[in-house]
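The following exercises are to be worked through in order. Each task is followed by a solution in steps.

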Amino acid sequence: MALSPEVVGFSFIILGILLLIGKWLRVFTPFFQTFFIPSSMIAGLLGLLFGPEVMGLTGVHFFDNGGIFPEAMIEVWSTLPDLLINVIFASLFLGMTLPSVKKMWKISGPQITFAHVISWGQYVVGITLALVLLTPLFGMNPAAGALLEISFVGGHGTAAGLAETFEGVGFEEGRDLAVGLATIGVLSGVFIGMILINWGARRGKTEVLNKPSDISDERKRGLITKENQDDEPAGKKTTHSEFIETLTVHLGYIGVAIALGYVMLEGLILIEEAFWIDNIEIVTHLPLFPLAMIGAVIVQLFLDKCVSHNVVDRGVVNRIQGLALDLLIAAAIATLSLSVIGEYIWPFLLMAVFAIGWNLFAFLVIAPWIMPDYWFERAIGDLGQAMGMSAAGLLLIKLADPDTKSPAKEGFSYKQLLLDIFVGGGLVTAASVPLIVAVGPVLTLIVAAVIMTGWLILGLFYFGRKQADTKG
């Protein structure tokens, strides 16, 4: 089946059906409910199972490439993450009231510090692992050292969105390894988080949760009952539909943010080509999405200063962002190359174990010394995000602090503004692979270690001292 507009359209339809099937499987499967497995991940696994990588290998060939999906449809799905990651990052700050840096730091300073320690620590652990084992024993590209932060802190969106960057530096297998690691991160993140919440409540580590409480069936199944649906609005209309739909307007502003990011990226490439050292290419391999995020900040600042009406609603933006993320995760997992992961199975397992081990060490050992108050409630959200998904972090905060008695949730939201622009999918994450290739893993490791140590010292001697003063 040749690639055509009809195939592109049907590719979205089939992906939507897979997401719907994933949703209803989740509704009726206690295992998926207990461990809060996202419907998008179930849909992606279904696509992978019935595609050429699994069913196709058994000899089932409904179409040209094996499995029940045409090769052209798989090709469309494989390109979606590169597009949708720009929509996700361009949606991060649209419709938000941007607080002062002073206010953000006052409320979320400990969480910002701890999240940076985890993120930069992933680089330190990953690059060290690459230098000691992955490159000398398994012959992997030194850029593999960046996969831990890209996959676990960045998540599926970042992992899949960097496909062209991996290809540009000759590390094509990095995309599949990164998406696979992100899947491991999300699956283990909620499971480990649930264990830690129960442990923390029983051992008196939490300041809010006195005992493990039962989670409602409604929340487990992911459905909102009819009487509670008014409490969960999808968004507010900002325009009259007879002239233009609110959704259309919001898509337009997201498009403007992406366009601004594209202009900035092209400008940076021209500057690099004109003034940078010939044999070093960093911006050339930089993806669009972190600059789309900066474009969104510019758009929002313009709207705040120059437009009197509230034309962008955060709820609508969240729905668009959520749709893009669902489609991205499903498409990325459905097009995962199991053969690549099989070829690098031992490096893959080593990276997964070291990433999870570092996250747990940071949570159990470092967080109690950094957080001046509510260390468990604050740190459990950062742990959830560091395992691959911001939504998992918010979920774990909600479980640990169901009545929002701690500053954890508000601090988590503010933290995103001063974290995502750099790591966890930001500029540093996007530049990490070409940076390792350009200047070498040793120098990159030294820089990452210095920055991580700086954040750690700040946490221990600034916020840690506040904790001591409070107890004293």
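Helices (H or I, at least four residues) and strands (E, at least two) are DSSP runs, numbered from the N terminus. The model is predicted: local features need pLDDT of at least 70, side-chain atom pairs count only at pLDDT 80 or more, and totals for chains, interfaces and linings use all residues. Residues are numbered from 1 along each chain as its sequence is written, and side-chain values use heavy atoms, with hydrogens and water left out.

**Exercise 1. Describe the chain as a whole and the confidence of its prediction.**

Step 1. The chain has 20 helices and 0 strands.

Step 2. A compact globule of 472 residues would have a radius of gyration (taken over C-alpha atoms; the rule is 2.2 Å times the number of residues to the power 0.38) near 23 Å, and the 22 Å of the chain agrees with this.

Step 3. The mean pLDDT (the predictor's confidence in each residue, from 0 to 100) is 86, and 92% of the residues score at least 70. Among the elements, helix 15 (residues 345-370) has the highest mean, 96, and helix 10 (residues 217-221) the lowest, 67. Where pLDDT is low, the predicted coordinates should not be read in detail.

**Exercise 2. Locate the nonpolar surface patch and state which helices supply it.**

Step 1. A patch is made of residues with over 30% relative accessible area and no salt bridge; like charges are joined within 9 Å, and nonpolar side chains (Val, Leu, Ile, Met, Phe, Trp, Tyr) within 5 Å. Accessible areas come from the Shrake-Rupley method with a 1.4 Å probe, and for residues only the protein chains shown count as cover.

Step 2. The nonpolar patch covers about 660 Å², and its residues include Leu 131, Val 132 and Val 447.

Step 3. Helix 5 (101-138) and helix 20 (441-471) each supply at least two of its residues; helix 20 gives the most, with 5.

Step 4. Val 447 is found in helix 20. Its relative accessibility of 42% makes Val 447 partly exposed (buried means under 20%, exposed over 50%, partly exposed in between; 1.4 Å probe, protein chains only).

**Exercise 3. Which salt bridge partners of Asp 382 and Arg 378 can be named?**

Step 1. A salt bridge is a side-chain nitrogen of Lys or Arg within 4 Å of a carboxyl oxygen of Asp or Glu. The whole structure holds 3.

Step 2. Asp 382 pairs with Lys 415, with the closest N and O atoms 2.6 Å apart. Asp 382 lies in helix 16 (residues 375-386) and Lys 415 in helix 18 (residues 408-417), so the pair ties together parts 33 residues apart in sequence.

Step 3. Asp 382 is buried at 3%, and Lys 415 is buried at 0%.

Step 4. Arg 378 meets Asp 373 at 3.1 Å, N to O. Arg 378 is buried at 4%, whereas Asp 373, at 29%, is partly exposed.
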